[in-house]
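User: Hi! I have a model open on my screen and would like to understand the reasoning behind the words people use for it. Could you walk me through it?

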Amino acid sequence: MQDLIERAARDIAGSTYAIALTGAGISVESGIPPFRGKGGLWEKIDPMEFAHIDSFLRDPEKVWNVLIKEMKGVVDEAKPNDAHTGLADLERMGKLKTIITQNVDGLHQVAGNTDVIEFHGNFAWQRCMDCGGKIETSEIDLSEIPPRCACGGIYRPDCVFFGEMIPPDYMRRSQQAASLCDIMLVLGTSAVVQPAAYMPVVAKENGAKVIEINPENTPLTGRISDYIILGRGGEVMNGIIAELEKLLDA
Ligand code: APR
């Protein structure tokens, strides 16, 4: 693994436009379970029953009780881990322009990254389905489920449910970043959910090097990514930052 960490640090040092695509795996070390795989949320509940917009519209009380309340409990407590701070360090070093994240936990911004495209929205806010008014998730009153706005409308997370479109502006900015970058770090995503999983393909087709960081192979491995560093996000990012500091100081 150390060889590949050194290789990634050299690649990043020589790049002029590196970006990252992140997924749930980057927040595992912050105590937020992933969706797929062992211990994943979708092992416990069926996403089509609880995370599809049609399910929410049919029975918002059920989706609030099973999915949203649990997510609120977990996300409220979470703090950035070494993988998040590693990406923030890369930005501070002038070596990372943009993060496209599928996560809704807001931890990249807490870590200090300033250009974060939240492809699937943000769990920090709830939006009234009638008047569109927004309230911070931490301020929401859970004594009534589903929680309601003063206008009587039901609040929903400001996230993209299955069955909903990616906000067009996020889609456009992500495609642009993916086509301009010379390196894409793909960190902690199973790369099975579209259209996010297509962004590494866009990067590759436009000549970028695609570097995966993940304890497991994904459908990108050996096809789209140039190489994969098989490890946890925190330890790998710590290694890359340490190597990069040596290279940039030299
Ligand atoms: N460090 C890095 N990667 C990790 C770690 C870790 N410590 N632990 C697990 N992983 C990897 C897993 O091997 C897996 O490939 O993170 C990935 C998590 O995959 P998913 O749970 O499928 O998460 P993600 O790819 O973000 O899912 C995409 O699916 O249900 C939707 O909307 C949800 O945005 C989400 C989308």
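Analyst: Happy to. Let's start with a helix pair: the crossing of helix 1 and helix 10 is right-handed. Please keep in mind that this is a predicted model.

User: What makes helix 1 and helix 10 oblique to each other?

Analyst: The axes of helix 1 (residues 2-13) and helix 10 (residues 233-249) cross at roughly 55°. Angles under 35 degrees count as roughly parallel and 65 to 115 as roughly perpendicular. The crossing angle of roughly 55° falls in neither range, and helix 1 and helix 10 are therefore called oblique. Their axes come within 8 Å.

User: Which residues make the contact between helix 1 and helix 10?

Analyst: On the helix 1 side they are Q2, I5, E6, A8, A9, R10, I12 and A13. Helix 10 contributes V236, G239, I240, E243, L244, L247 and L248.

User: Now the cysteines. Why is there no disulfide between C131 and C149?

Analyst: A disulfide needs two cysteine sulfur atoms within 2.5 Å. The closest cysteine sulfur to that of C131 belongs to C149 and is 3.7 Å away, so the pair is too far apart for a bond. For C159, the nearest cysteine sulfur is that of C128, 16 Å away, and C159 is in no disulfide. The structure as a whole holds zero disulfides.

User: How do you know whether C159 is buried or exposed?

Analyst: Buried means under 20% relative accessible area. C159 has 10% relative accessibility, so C159 counts as buried. C131 has a relative accessible area of 48%. Exposed would require over 50%, so C131 is called partly exposed.

User: Where does I32 sit, and why is I32 called buried?

Analyst: I32 is in the loop between strand 1 and helix 2 (41-44). Its relative accessible area is 11%, and the cut-off for buried is under 20%, so I32 is buried. Setting aside neighbours within four places in sequence, I32 is in contact with S27, V74, V75, A78, D105 and L107. I32 and M71 are 39 residues apart in sequence, with their C-alpha atoms 8.6 Å apart in space.

User: On to the sheets. What makes strand 3 and strand 9 edge strands?

Analyst: The open sheet of six strands has the order 3-2-1-7-8-9, with parallel pairing. Strand 3 (116-118) and strand 9 (227-229) each have a single partner strand, so one side of each is left without a neighbour in the sheet. From one strand to the next, the twist averages 20°.

User: How do you know that strand 7 is paired with strand 1 and with strand 8?

Analyst: Pairing takes at least two bridges between two strands. Strand 1 (residues 18-22) and strand 7 run parallel over five bridges, with A20 opposite L185 in strand 7. Five bridges also join strand 7 to strand 8 (residues 209-213) in the parallel sense, and I183 stands opposite K209 in strand 8. Strand 8 and strand 9 pair over three bridges, again parallel, with E212 opposite I228 in strand 9.

User: Why is strand 7 called mostly covered?

Analyst: In strand 7 (residues 183-187), five of its five residues are buried. I183, L185 and L187 point one way, while M184 and V186 point the other way. Two helices also meet this strand. Helix 6 (residues 82-92) lies across strand 1, strand 2 (98-101) and strand 7, at about 165° to strand 7. Helix 8 (residues 168-180) touches strand 1, strand 2, strand 3 and strand 7, and its direction makes about 135° with that of strand 3.

User: What about the other sheet: which strands stand at its edges, and why?

Analyst: This open sheet of three strands has the order 5-4-6, with antiparallel pairing. Strand 5 (134-136) and strand 6 (155-159) each have a single partner strand, so one side of each lacks a neighbour in the sheet. The twist averages 40° from one strand to the next.

User: What makes strand 4 and strand 6 a pair?

Analyst: At least two bridges are needed, and strand 4 (residues 121-128) and strand 6 have five, in the antiparallel sense. N122 stands opposite D158 in strand 6. Helix 5 (residues 60-77) packs on this sheet, touching strand 4 and strand 6, and its direction makes about 130° with that of strand 4.

Definitions and conventions:
Residues are numbered from 1 along each chain as its sequence is written. This is a predicted model: local features need pLDDT of at least 70, side-chain atom pairs count only at pLDDT 80 or more; totals for chains, interfaces and linings use all residues. Side-chain values use heavy atoms; hydrogens and water are left out. Buried means under 20% relative accessible area, exposed over 50%, partly exposed in between (1.4 Å probe, protein chains only). Helices (H or I, at least four residues) and strands (E, at least two) are DSSP runs, numbered from the N terminus. Axes are lines fitted to C-alpha atoms, for helices over the stretch in contact, and angles run from 0 to 180 degrees between N-to-C directions. Contact means heavy atoms within 4.5 Å. Angles under 35 degrees count as roughly parallel, over 145 as roughly antiparallel, 65 to 115 as roughly perpendicular and the rest as oblique. A crossing is left-handed if the near helix is turned anticlockwise from the far one by less than a right angle, and right-handed if clockwise.
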